[in-house]
2 protein chains.
Amino acid sequence: MARPPRPRSQITILDVATAAKVSKSTVSLVLQGSPLIREQTAARVRRAAGKLGYVYNRRAAELRRKSSNTIGVVINDLMNPFFAEVLVGIERKLVRAGYIVLMAHTSEDLERQRTVLQSMREHNAAGILLCPALGTAKSLPRHIAAWGIPLVVMVRSLGGTGYDFAGADYEHGTYLATRHLLSAGRTRIAFLGGVSGVVLEQRLQGYRAALTEAGVVLDPGLVFAAATNRQGGYGAMLALLERAPRVTAAVCYSDIVAFGALSALGERGLRAGADFALLGFDNVLDAAHSNPPLSTVDIRPSELGEHAATALLARIANPAQSRQTYLAEPQLLVRQSG
Amino acid sequence: MARPPRPRSQITILDVATAAKVSKSTVSLVLQGSPLIREQTAARVRRAAGKLGYVYNRRAAELRRKSSNTIGVVINDLMNPFFAEVLVGIERKLVRAGYIVLMAHTSEDLERQRTVLQSMREHNAAGILLCPALGTAKSLPRHIAAWGIPLVVMVRSLGGTGYDFAGADYEHGTYLATRHLLSAGRTRIAFLGGVSGVVLEQRLQGYRAALTEAGVVLDPGLVFAAATNRQGGYGAMLALLERAPRVTAAVCYSDIVAFGALSALGERGLRAGADFALLGFDNVLDAAHSNPPLSTVDIRPSELGEHAATALLARIANPAQSRQTYLAEPQLLVRQSG
DNA sequence: CTGAAAGCGCTTACAG
DNA sequence: CTGAAAGCGCTTACAG
């Protein structure tokens, strides 16, 4: 019953070389598809490799060559579909380019982030895609640069400009959302969700800017801090309904906050689109089929991920090139919620 | 401006050894925390390592030791929060155990799956956690076993029993959901979503079983095949409303199918819970705050991921142990949709 | 407790 | 076009 563990691939290029009656350098060359080897010889080598069940030991090769085809990506909130979509975009781009991803999830835990980054370093990652946990030191990109590992920061900026960045023009996004609500004649508009961080600052800034432009003064009692998840959106909407029952419009920090808000609205017998105008932010896939379909600010999450990956690839190819910043241009997407 | 790329960590244990005036074996031993080394010496070595900015080259170590602390996990649909939650559970468990995850996303593409598995093999993964793409050959687990790589299959069984598996008792789950609807006196109950695969078979089987038990004959016109995503659920519900307007209850293949159905219901001015009884399956986080909150079958997705990881760890620790099967016991969770 | 030596599986000049 | 040799950064018996 208990079969002993089968030994892991112990056959090496040396075995292949012997079987194909060439030197191991020759085998190495054909494995790399070098044109230096006569096709006839190459075919013989490949046949021998196949017959022996040879499997390339990529890590040995990378050790010798001092290269790596793995890329570290650190995400902090996969439970949020926005990040899941970003990750999918990243992975797609990266595998197409011949890389494989070393993935880590921090749950906003700085200690975890530290550990995981260190681990990626020990694994000699060819590059790192980082969505920094809340509270990450501004100096982190500098440290990683000092390690000699190409880095691109995603989604959340850390301030300064000493690193490549892929995100979106959040301020303009909420500006668009707020202006949309304003142009429908509404003047009392709440802001729901978010608790801290630059991203929140920027989103609030856009909200403020639109209000100011329209000549309406911001009522601080209308911005409801809340966790950036459904639960947070749910609670924020309930609070809003309670404290300011006359307000019938809100822009949310993100789509998932809006989903929670939609749930609260439904619970109170209100329907977004008819009784209340609600705007989301991100345009995650879910937004197209929420109840009701969510009007939102589209920043194309998976595309954002692909751009981040592209920037990293460019940085790896040319470490000396100038700073790159990709900022998705937000687009207002009016569906039915507002 | 264009700073030359900084050379990657070229300082090695040899440099540390020189600085600390010991041999490199000694350095290696202290790095491994060996008790063979006098504390005084160890401290001196650590100090030297710190001063020089030494970073452990884990891959070199693994090559020599023929070990690996990376685990491959292949997921096919991260856009579905169910899988995102499973992944989070896996990652959490794995990093705690000192592993790091090599993550790949197949989007149900068999060719991608093949490539990615091969890549993990070349990277000498210590184990693989696989949620097989639709259409995966039953023989795949056998192949991977032949590679000598511990494997656990997740979520979707491939038939047979020649491998470790972590999933849930899907049949019992839909049985519970259907029975719940039945016990409320409903007798015309639709099934929405899913297009093929064992998981669908099992879920349909539970639906059938509950119907049979209650003495109601299954109306094939009431099972609506549809993609297992929101769009699919949306379309299926619209079709149902059109073709069988008197039916006011349905169990869905999964929560996200149910979300789409909720959207369709809302569009028609219907409210789940009041006008229609709708049950989901999985209990993803979103289900608690959908509009309305979704009644569903809880299989604790992230816990499922943790169990899968635990099983893999056990298999790695003891390759000869007997087959493991973790099947989450589904629990009916009645919220407001039905 | 510590050092010298061999070797993990590959690649890469360097000769021929 | 192909082979012999050195070396990537580590670990692990083996002596002492």
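Strands here are DSSP runs of E at least two residues long, and strands and helices are numbered from the N terminus. Keep that in mind for the labels below. The model is predicted.

**Stop 1: the loop after β4 of chain B.** Select V155(B). It sits in the loop between β4 (151–154) and β5 (164–168) of chain B. Check its backbone: phi is near 65 degrees, a positive value in a residue that is not glycine. Is V155(B) buried or exposed? The cut-off for buried is 20 or more other C-beta atoms within 10 Å. V155(B) has 24 C-beta neighbours inside 10 Å, so it counts as buried.

**Stop 2: another positive phi.** Go to R300(B), in the loop between β10 and α12 (301–317) of chain B. Its phi is positive too, about 45 degrees, although R300(B) is not a glycine. R300(B) has 19 other C-beta atoms within 10 Å and is partly exposed.

**Stop 3: the cis peptides.** Select N291(A) and P292(A). The bond joining them is cis, with omega about -5 degrees. P292(A) belongs to the loop between β9 (277–279) and β10 (296–298) of chain A. Now switch chains. The peptide bond from N291(B) to P292(B) is cis, omega near -5 degrees. P292(B) is in the loop between β9 (277–279) and β10 (296–298) of chain B.

**Stop 4: a helix pair.** Show α8 (residues 170–183) and α9 (residues 198–213) of chain B. They pack at an angle of about 35 degrees, and their axes are 7 Å apart. The crossing is right-handed. On the α8(B) side, the contact residues include Y170(B), Y175(B) and L182(B); on the α9(B) side they include V199(B), Y207(B) and L211(B). By class, the contact holds 8 nonpolar, 7 polar and 3 charged residues.

**Stop 5: the two chains.** Superpose chain B on chain A. A turn of 180 degrees with a shift of 0.0 Å along the axis does it, at an RMSD of 0.1 Å. The two copies are thus related as by a two-fold rotation axis. Which residue of chain B comes closest to the rotation axis? Select L102(B): its C-alpha is at 2.3 Å. Of the interface residues of chain B, 96% are also interface residues in chain A, so the copies meet through the same surface.

**Stop 6: the DNA.** Display strand C. There are 26 residues around it, and T12(A), S28(A), N57(A), A61(A) and R64(B) come nearest. Elements giving two or more residues to this surface are α2 (24–31) and α4 (58–65) of chain A, with α2 (24–31) and α4 (58–65) of chain B. Then display strand D. Of the 26 residues around strand D, the nearest are R64(A), T12(B), S28(B), N57(B) and A61(B). The surface near strand D divides into 11 nonpolar, 10 polar and 5 charged residues.

Technical notes:
Residues are numbered from 1 along each chain as its sequence is written. Chains are lettered from A and ligands numbered from 1 in the order in which they are written. This is a predicted model: local features need pLDDT of at least 70, side-chain atom pairs count only at pLDDT 80 or more; totals for chains, interfaces and linings use all residues. A residue is near a molecule or strand if its C-beta atom, placed from the backbone, lies within 6 Å of it. Helices (H or I, at least four residues) and strands (E, at least two) are DSSP runs, numbered from the N terminus. Axes are lines fitted to C-alpha atoms, for helices over the stretch in contact, and angles run from 0 to 180 degrees between N-to-C directions. A crossing is left-handed if the near helix is turned anticlockwise from the far one by less than a right angle, and right-handed if clockwise. Two residues are in contact if their C-beta atoms, placed from the backbone, lie within 7 Å. Ala, Val, Leu, Ile, Met, Phe, Trp, Tyr, Cys and Pro count as nonpolar, Asp, Glu, Lys and Arg as charged, and the others, Gly among them, as polar. Copies are superposed by least squares on the C-alpha atoms of residues with pLDDT of at least 70 in both. A residue is buried if 20 or more other C-beta atoms lie within 10 Å of its own, exposed if 12 or fewer, and partly exposed in between; C-beta atoms are placed from the backbone.
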